[in-house]
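Please walk through the structure below. Keep the sequence at hand as you read.

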Amino acid sequence: MSDVKVGSRTVAESQAERSEIIFPADSNALGNLFGGRLMQFIDLVGAVAAVRHCRAIVVTASMDHLDFVAPVHVGDLLILKASVNRAFRTSMEVGVRAMVEDARGQTLRHVSSAYVTYVAVDREGRPIQGPCVVAETEHQKRRYADAGRRREMRAGESQRARETRAALGAGWHV
Ligand SMILES: CC(C)(COP(=O)(O)OP(=O)(O)OC[C@H]1O[C@@H](n2cnc3c(N)ncnc32)[C@H](O)[C@@H]1OP(=O)(O)O)[C@@H](O)C(=O)NCCC(=O)NCCS
């Protein structure tokens with residue numbers, strides 16, 4: 001693992017937001033946003049927060065607790081908000097919340113949320129250490145603590161992923 005200067009950054013410093021109007025090309029047979037496209041939006045906005053936090057290249061290691069709460073319709077205004085909940089050694093948990101904005105009623109309807117783990121890497125793709133997260137508000141502190149619990153739950157999955165990579169070997173291709 002390469003050495004980089006490690007400091008700390010507040011949650012607010014890296015928060016990211018993305019807005020999308022949903023077009024028919026992104027819809028399924030029911031005229032609702034295709035789930036895979038929503039996952040892409042989630043990954044993209046989460047990556048922006050992760051990059052802002054560690055100021056390095058990041059790769060997506062995993063996405064979990066992805067809930068599709070309600071459908072998103074063609075023509076909807078989709079708002080996605082991402083915050084780095086907690087940084088560990090080289091990885092970060094980013095929480096993403098997707099909402100549909102009713103511009104006339106000025107309301108937001110929660111449609112999906114996910115926790116995405118990104119790993120900061122150097123130009124050769126090797127994990128590098130990043131800054132710590134400073135949680136300032138009560139809400140951020142709760143999410144910070146929850147992220148620690150989720151990491152423990154994820155540990156077995158990370159180990160399984162490591163074993164899969166080791167079994168495939170460096171020269172493995174489809
Ligand atoms: C993610 C990746 C960088 C991990 O590299 P690695 O050499 O296995 O490194 P390590 O085992 O030391 O793990 C590095 C960190 O990733 C975390 N990690 C690895 N696999 C994980 C998983 N499945 N879920 C969550 N975190 C994971 C580890 O917990 C560790 O975090 P920490 O440093 O904060 O403790 C590497 O597997 C990779 O490049 N994967 C492909 C990523 C990619 O291409 N994403 C886009 C998909 S198309």
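The paragraphs below take up two helices, a nonpolar core, a ligand shell and one loop residue.

This is a predicted model. Begin with helix α2, which covers residues 35–54. Its 20 residues should span 28 Å at 1.5 Å a residue. The end C-alpha atoms are 28 Å apart, so expectation and model agree. Several residues of α2 are buried: Leu38, Phe41, Ile42, Val45, Gly46, Ala47, Ala49, Ala50, His53 and Cys54. Just after the helix comes arginine 55, with a positive phi near 50°.

Next, the core. The largest nonpolar core holds 34 residues. Ile42, Ala50, Val94 and Val96 have the most contacts inside it. Four elements give two or more residues each: α2, β4 (77–87), β5 (91–102) and β6. The largest share comes from α2, with eight residues. In soluble globular proteins, nonpolar side chains tend to be buried together. Take isoleucine 42 as a way in. Beyond its neighbours within four places in sequence, isoleucine 42 is in contact with Leu80, Val96, Ala98, Ala114 and Val116.

Now helix α3, residues 138–168. Is α3 largely buried or in the open? Of its 31 residues, two are buried, so α3 lies largely in the open. From first C-alpha to last, α3 reaches 43 Å, close to the 45 Å expected at 1.5 Å a residue. The helix also bends, by about 40° at arginine 154. Glycine 169 follows α3, and its phi is positive, near 80°.

Turn to the ligand. The shell around it has 19 residues. Ser62, Phe88, Arg89, Thr90 and Ser91 come nearest. The elements that give two or more residues to this shell are β3 (57–68), β6 (107–121) and α3. Which of them gives the most? It is α3, with six residues. By class, the shell has seven nonpolar, seven polar and five charged residues. Two elements thus appear twice in this account. β6 gives residues to the core and to the ligand shell. α3 is the helix largely in the open, and α3 also gives the most to the shell.

Last, a loop residue. Isoleucine 128 sits in the loop between β6 and β7 (132–134). Why is isoleucine 128 classed as partly exposed? It has 18 other C-beta atoms within 10 Å, whereas a buried residue needs 20 or more and an exposed one has 12 or fewer. Isoleucine 128 and alanine 166 are 38 residues apart in sequence. In space, their C-alpha atoms are 20 Å apart.

Definitions and conventions
Residues are numbered from 1 along each chain as its sequence is written. This is a predicted model: local features need pLDDT of at least 70, side-chain atom pairs count only at pLDDT 80 or more; totals for chains, interfaces and linings use all residues. The expected span of a helix is 1.5 Å times one less than its number of residues. A residue is near a molecule or strand if its C-beta atom, placed from the backbone, lies within 6 Å of it. Ala, Val, Leu, Ile, Met, Phe, Trp, Tyr, Cys and Pro count as nonpolar, Asp, Glu, Lys and Arg as charged, and the others, Gly among them, as polar. A nonpolar core is a set of buried Ala, Val, Leu, Ile, Met, Phe, Trp, Tyr and Cys residues joined through C-beta atoms within 7 Å. Two residues are in contact if their C-beta atoms, placed from the backbone, lie within 7 Å. The bend at a residue is the angle between axes fitted to the seven residues ending there and the seven starting there.
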